[in-house]
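Visitor: I am new to this structure and would like to learn how to read it. May we go through it feature by feature?

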Number of protein chains: 2
Amino acid sequence: MSRSNPRVLSTLERAGGFASAQEVYRLMQREGESIGLTTVYRSLQSLVNDKIVDVLRRDDGEAIYRLCGDAHHHHLVCKGCGDTVEIEGGAIEKWAKTMAEEFGFREVGHTAEIFGLCQKC
Amino acid sequence: MSRSNPRVLSTLERAGGFASAQEVYRLMQREGESIGLTTVYRSLQSLVNDKIVDVLRRDDGEAIYRLCGDAHHHHLVCKGCGDTVEIEGGAIEKWAKTMAEEFGFREVGHTAEIFGLCQKC
DNA sequence: ATGGAAATGAAAATCATTTTCATTTGTGAT
DNA sequence: ATCACAAATGAAAATGATTTTCATTTCCAT
Ligand SMILES: [Zn+2]
Ligand SMILES: [Zn+2]
Ligand SMILES: [Zn+2]
Ligand SMILES: [Zn+2]
């Protein structure tokens, strides 16, 4: 495993909102930072592993990353503009637990996301 | 624009649940159907345009398609052996709808999956 | 039959992401 | 300071899904 290059995280912060690996890379280049695309990818992956950033998918399939608080939560994402709202998953947490118990599953986790078109789109 | 090749739709039906373009293509080949990958892609796109099929993204970014009319359900997947149980998402359907309304989102969909270790694993 | 439009698919192009691997850098012991 | 070894780096190649190109075939209306 490799540790995240701190300049990648700093750039993602500065980008505000979501940015893809390619975008972070281009941004760093434009700002005169010397870094390889591979390192950007590795750093973002590492940040995802450490749950410091979230990863989602654009409609075109490109992965986009964003800083994320560590509290467990879910997302409501606009298919049009990518705007995202962090939401509570109370009902889901219960649902996942109940279902898992019913079928005897252990070490249970879950993913859940809502997507649609926001008011502006 | 091209119209969808009916054999693609028929294959997607037979696949049950979600299938990627590549999977539909492989399935048709295995069944001895003569078709080009390009046509599979074009047909699926056309079906999406006509809102006959839904498209989502797997975690790895691959696009997966399914008939819109399919009975909507969710999955409980074993991380160990891959065994999958189809489950009802009652609580989630309500949660998604409520959250979307609260934030004024339209044309809303959602994904939700539970994963863990089954009894055998 | 004839001409043009639509459909088809093989091959090439695209593009994000991953893998490989040689080089550089950092660290700790001597 | 020197040596040894692990971690980090990045250029280049590989991968894999998807799209584009374009020549050919199939349909259909006249
Ligand atoms: Zn929007
Ligand atoms: Zn949750
Ligand atoms: Zn299992
Ligand atoms: Zn559901």
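Visitor: How far is a phosphate oxygen of DNA strand D from a polar backbone atom of B:Ala63?

Guide: The model is a predicted one. In it, the distance between a polar backbone atom of B:Ala63 and a phosphate oxygen of DNA strand D is 2.9 Å. A pair of N or O atoms counts as a polar contact within 3.5 Å.

Visitor: Which side chain has an N or O atom 2.6 Å from a phosphate oxygen of DNA strand D?

Guide: That side chain belongs to B:Tyr41. Chain A takes part as well, since a polar backbone atom of A:Arg3 lies 3.2 Å from a phosphate oxygen of DNA strand D.

Visitor: Which residues come nearest to DNA strand D?

Guide: There are 17 residues around DNA strand D, and the nearest of them are A:Thr39, A:Arg42, B:Tyr41, B:Gln45 and B:Ala63. By class, this surface has nine polar, five nonpolar and three charged residues.

Visitor: Which part of DNA strand D do the atoms within 4 Å of the protein belong to?

Guide: Sugar or phosphate holds 62% of those atoms of DNA strand D, and the rest belong to bases.

Visitor: Which helix supplies the largest share of the surface near DNA strand D?

Guide: Helix 3 of chain B does, with four residues. At least two residues of that surface come from each of two helices, namely helix 3 (37–49) of chain A and helix 3 (37–49) of chain B.

Visitor: Let us turn to the other strand. Which residues come nearest to DNA strand C?

Guide: Among the 17 residues around DNA strand C, the nearest are A:Tyr41, A:Gln45, A:Ala63, B:Thr39 and B:Arg42. Of the atoms of DNA strand C that come within 4 Å of the protein, 62% are sugar and phosphate. Helix 3 of chain A gives the most to this surface, with four residues.

Visitor: Which polar contacts should I look for at DNA strand C?

Guide: Three may be examined in turn. A polar side-chain atom of A:Tyr41 is 2.7 Å from a phosphate oxygen of DNA strand C. A backbone N or O atom of B:Gly36 is 3.0 Å from a phosphate oxygen of DNA strand C. For B:Arg42, the partner is a base nitrogen of DNA strand C, 2.5 Å from an N or O atom in the side chain.

Visitor: Which protein donors surround the zinc ion (ligand 4)?

Guide: The NE2 atoms of B:His72, B:His74 and B:His110 are donors, and B:Glu93 is listed with two OE donors; they lie 1.9 to 2.7 Å from the zinc ion (ligand 4). Along the chain, their spacing is H-x1-H-x18-E-x16-H. Distant parts of chain B are linked here: B:His72 is in the loop between strand 3 (63–67) and strand 4 (74–78), while B:His110 is in strand 6 (residues 106–117), 38 residues apart.

Visitor: Is B:His110 buried or exposed?

Guide: B:His110 is buried, because its relative accessible area is 12% and the limit for buried is under 20%. B:His72 is partly exposed, at 31%.

Visitor: How is the size of an interface often given?

Guide: It is often given as the accessible area lost when the parts come together. Between chain B and chain A, about 3,200 Å² is buried, and carbon and sulfur atoms give 66% of that area. On the chain B side, B:Trp95, B:Phe105 and B:Arg106 lose the most area to chain A, together 21% of what that side buries. In terms of contacts, 39 residues of chain B meet 38 residues of chain A.

Notes: Residues numbered from 1 in each chain as written. Chains lettered and ligands numbered in written order. Predicted model: local features only at pLDDT ≥ 70, side-chain atom pairs only at ≥ 80, totals over all residues. Heavy atoms only, no water. Near = heavy atom within 4 Å. Polar contact = N/O pair within 3.5 Å; in protein donor to acceptor, adjacent residues only side chain to side chain. Nonpolar A, V, L, I, M, F, W, Y, C, P; charged D, E, K, R; others polar. Donors = N, O, S within 2.8 Å, 3.2 Å for Na, K, Ca; no water. Buried < 20%, exposed > 50% of the residue type's maximum accessible area, 1.4 Å probe, protein only. Contact = heavy atoms within 4.5 Å. Buried area = accessible area lost by both parts, 1.4 Å probe.
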